[in-house]
Amino acid sequence: MMKAIAIAFSTYSKIPMPHFKWDPKALQYSMCAFPLVGAVIGAGEFAIWYLFGFLLQWSEVFTAALLTVFPILITGGIHMDGFLDTVDAKSSYKSKEEKLQILKDPHTGAFAIIRGCLYFLIYFGCMYELVTASSVKLAAGVQTAGAGEAAVNGSLTTIGKDGNLMRMLAVFAIGFILERTLSGLSVLTFQKAKKEGMLADTARLVNNRSKAIMFVWLIACIAAGCVIQPAALVITGIAILMFFYYRFMSYRTFGGITGDLAGYFLQMCELWMLIGTVVLVHVI
């Protein structure tokens, strides 16, 4: 299992992993370890928000920027690359075969650049909203604590008195695991647009045990989110809707999924879950 984890992290992240002899059985279960990459990203996002947004009280813009770039720094942009390639292919309005060729094209088109800029603007804006919301509650906590107490004590007072924000951010952090669980399930169960490639090779090696492990991940994510904050069902609903849209779009437009399409789903799912989190933070 350690080899499977190493394959998952070396493939889907920039975190250094030990080298070992290639083992087809390890590749068979590597997708089952894919959600662990999300766990690292989610924990990092929560830690950044807590450290810079609450304890150190750094600039909201700087903290939001860190939260925006951290997932890309960990993954190396592998999923964003799939997102951009898919945007180019979808925007071409050509045949399925030509769209699949565009996915393999190393050049970046104008539509990918435009959509990429829009994606990061919206992502940063949502992160800024979350950080600003925590700053507002922090200021209220400091006032409640009294002028003679340190700002850190004010932060802790805020956390104790209003845990909704922290719980919602914890749910969003779990979302990084959920989206990779759903992406992994698609690789194991959806029709493939191409017969060759790493995604097709991985899918050929899977068995029912691999699928069962991914469903356990799914149930665990949903259960953990609901325990932390019942409103997590809304975020889960968004992820499930994106999952079925991803299947519908992939089958209709490309004849199945590819690695690039899996990356497109992951990035879109992440963005919409973030938007949902922002809305819930302001509503709850």
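What share of the 284 residues in the chain is buried? Buried residues make up 49% of the chain. Keep in mind that the model is predicted.

**Whole chain.** Start with a cartoon view of everything. The chain has 13 helices and zero strands. For contacts between residues at least 6 apart in sequence, 77% join residues at least 24 apart. Switch on the surface: about 13,200 Å² is accessible, and carbon and sulfur atoms account for 68% of that.

**Confidence.** Colour by pLDDT. The chain average is 85, and 85% of the residues score at least 70. Among the elements, helix 4 (residues 60–75) has the highest mean, 95, and helix 8 (residues 151–161) the lowest, 47. Select residues 147–152, where pLDDT is below 50 and the stretch has five contacts beyond near neighbours in sequence. Then select residues 154–158: pLDDT stays under 50 here as well, and the model has 15 contacts for them beyond four places in sequence. Where pLDDT is low, predicted coordinates should not be read in detail.

**Helix 5.** Select residues 78–92. The end C-alpha atoms of helix 5 are 22 Å apart, which agrees with the 21 Å that its 15 residues should span at 1.5 Å a residue. Its buried residues include His 79, Asp 85, Asp 88 and Ser 91, along with Met 80, Phe 83 and Val 87. Step just past the helix to Tyr 93, which takes a positive phi of about 55°.

**From helix 5 to helix 7.** The structure holds 19 aromatic pairs. Show the side chains of Phe 83 and Tyr 119, a tilted pair with 5.2 Å centre to centre and 55° between the planes. Phe 83 is in helix 5 and Tyr 119 in helix 7 (residues 110–145), 36 residues apart, so to speak of the pair is to speak of a link between distant parts of the chain. Both Phe 83 and Tyr 119 are buried.

**Helices 12 and 13.** Move to Tyr 246 and Phe 265, a stacked pair at 4.8 Å centre to centre with 15° between the planes. Because Tyr 246 lies in helix 12 (residues 232–254) and Phe 265 in helix 13 (residues 259–283), the pair ties together parts that are 19 residues apart in sequence. Both residues are buried. Add Phe 190, Phe 243, Phe 244 and Tyr 251 to the selection; with Tyr 246 and Phe 265 they form one aromatic cluster.

**The core.** Which residues have the most contacts inside the largest nonpolar core? They are Tyr 123, Met 127, Leu 182 and Tyr 246, in a core of 74 residues. Finish on Leu 182: beyond four places in sequence, Leu 182 touches Leu 218, Ala 239, Ile 240, Phe 243 and Phe 265.

Technical notes. Residues numbered from 1 in each chain as written. Predicted model: local features only at pLDDT ≥ 70, side-chain atom pairs only at ≥ 80, totals over all residues. Heavy atoms only, no water. pLDDT = per-residue confidence, 0-100. Helix = DSSP H or I, 4+ residues; strand = E, 2+ residues; numbered from the N terminus. Contact = heavy atoms within 4.5 Å. Expected span 1.5 Å × (residues − 1). Buried < 20%, exposed > 50% of the residue type's maximum accessible area, 1.4 Å probe, protein only. Areas by Shrake-Rupley, 256 points an atom, 1.4 Å probe, with all protein chains shown as cover. Core = buried A, V, L, I, M, F, W, Y, C linked by side-chain atoms within 4.5 Å. Phe/Tyr/Trp six-rings, centres within 6.5 Å; stacked < 30°, edge-to-face > 60°.
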